[in-house]
Amino acid sequence: MVFYLLSFTAELENLTNLQPRDGCDDPNYVYGFKLKCENCGEVTQKETYVTLSETVSIPNSKGTANLVQKCKLCGRDGTIQMVPKYGEPLTLDASQKEALAKLMVFECRGFEPIDFIFGDGWVAESTSGTKFDVDLSGGEFAEYDEQGECPVGISNLQAKFKVAKKQERYGRTTYV
Ligand SMILES: [Zn+2]
């Protein structure tokens, strides 16, 4: 079992707090990515999609996971369980520092998640306070903020999965 932390950043123009529509733990936000088999190295051809609100039972076990899948090449089973509560919105300040914002933790058995896909279902707010629904599936976003009388935009999206360690410190759990 390995924890993977998904982080992201983007260039924000007059926008801040970019995050899934109902926050980083939005139960219906769809996370899309590819899977690499830890056993044989095969990468799935098709993207896999998981959401917090959808779980399936793990065969021969009492547990559940957000995804149970078999590697097409070697037949090994793998599971992915999402671990909420560790995400944070991408602020304008973080964006300007090119810092990554944590989005979601995935507890993985048998598979490594790779190649995160930005989809629809995001929100951001302009520096004048206007909320925008944001679809990132085209790789960028551009609008005009009537209230702030300025263009707003998102470009240069980047996302990264990295192996994370679970740490308990002062009674709080973090993934770094
Ligand atoms: Zn395999």
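Here are some short exercises on a predicted model, each with a worked solution.

**Exercise 1. Overall build**

Describe the secondary structure of the chain, and work out whether its radius of gyration agrees with that of a compact globule.

*Solution.* Start with the elements: the chain has one helix and 16 strands. Next, take the length, which is 176 residues. A compact globule with that many residues would have a radius of gyration near 16 Å, and the chain has 17 Å, so the two agree. For the outline, look along the principal axes: the C-alpha atoms fill a box of roughly 60 × 40 × 25 Å. Two percentages complete the overview. Buried residues make up 27% of the 176. Of the contacts between residues at least 6 apart in sequence, 61% join residues at least 24 apart.

**Exercise 2. The six-stranded sheet**

Find the order of the strands in the open sheet of six, and name its edge strands.

*Solution.* Trace the sheet from one side to the other: the order is 7-8-9-1-14-13, with antiparallel pairing. Now look for strands that pair on one side only; these are strand 7 and strand 13 (141–145), the edges. Neighbouring strands here are turned by 25° against each other on average, ignoring direction.

Then zoom in on one pair. Strand 8 (residues 77–83) and strand 9 run antiparallel and are joined by five bridges. Within this pair, Thr79 stands opposite Arg109 of strand 9. As a reminder of what holds such pairs, strands of a sheet pair through backbone hydrogen bonds, in a parallel or an antiparallel way.

**Exercise 3. The three-stranded sheet and its hairpin**

Lay out the open sheet of three strands, then describe the hairpin made by strand 11 and strand 12.

*Solution.* The order is 2-11-12, and the pairing is antiparallel. Strand 2 (15–20) and strand 12 (131–134) are the edges, as each pairs on one side only. The average turn between neighbouring strands of this sheet is 25°, direction ignored.

For the hairpin, begin with the pairing: four bridges join strand 11 (residues 122–126) to strand 12 in the antiparallel sense. Two facing pairs help you to see the register: Trp122 is opposite Val134, and Ala124 is opposite Phe132. Finally, check the turn. Four residues lie between the two strands, and Gly129 in the turn has a positive phi of about 100°.

**Exercise 4. The nonpolar core**

Identify the residues with the most contacts inside the largest nonpolar core, and say which strand supplies its largest share.

*Solution.* This core has 34 residues, and those with the most contacts inside it are Leu6, Leu18, Ile80, Phe106 and Ile154. Several strands supply at least two core residues each, including strand 1 (2–13), strand 3 (31–37), strand 10 (111–117) and strand 14 (150–164). The largest share, six residues, comes from strand 1.

Now take Ile154 as an example. Leaving out residues up to four places away in sequence, Ile154 touches Ala10, Leu12, Leu15, Leu18, Ala124, Val134, Leu136, Glu140 and Phe141.

**Exercise 5. Positive phi away from glycine**

Compare Asn17 and Glu98: where does each lie, and is each buried, partly exposed or exposed?

*Solution.* First, the background: most residues other than glycine have a negative phi. Asn17 has a positive phi of about 55° although it is not a glycine. The phi of Glu98, also a residue other than glycine, is positive and near 55°.

Second, place them. Asn17 belongs to strand 2, whereas Glu98 is in the loop between helix 1 (92–96) and strand 9.

Third, count neighbours. Asn17 has 17 other C-beta atoms within 10 Å, so Asn17 is partly exposed. Glu98 has 11 C-beta neighbours inside 10 Å and therefore counts as exposed.

**Exercise 6. A residue in strand 16**

Work out the surroundings of Thr174.

*Solution.* Thr174 sits in strand 16 (residues 172–175). Its 15 C-beta neighbours inside 10 Å fall between the limits of 12 for exposed and 20 for buried, so Thr174 counts as partly exposed. Setting aside neighbours within four places in sequence, Thr174 is in contact with Gln167 and Arg169. For a distance check, the C-alpha atoms of Thr174 and Ala164 are 9.3 Å apart, with the two residues 10 apart along the chain.

Terms used: Residues numbered from 1 in each chain as written. Predicted model: local features only at pLDDT ≥ 70, side-chain atom pairs only at ≥ 80, totals over all residues. Rg over C-alpha atoms; globule rule 2.2 N^0.38 Å. Contact = placed C-beta atoms within 7 Å. Pairing = 2+ DSSP bridges. Axes fitted to C-alpha atoms, helices over the stretch in contact; angles between N-to-C directions. Core = buried A, V, L, I, M, F, W, Y, C linked by C-beta atoms within 7 Å.
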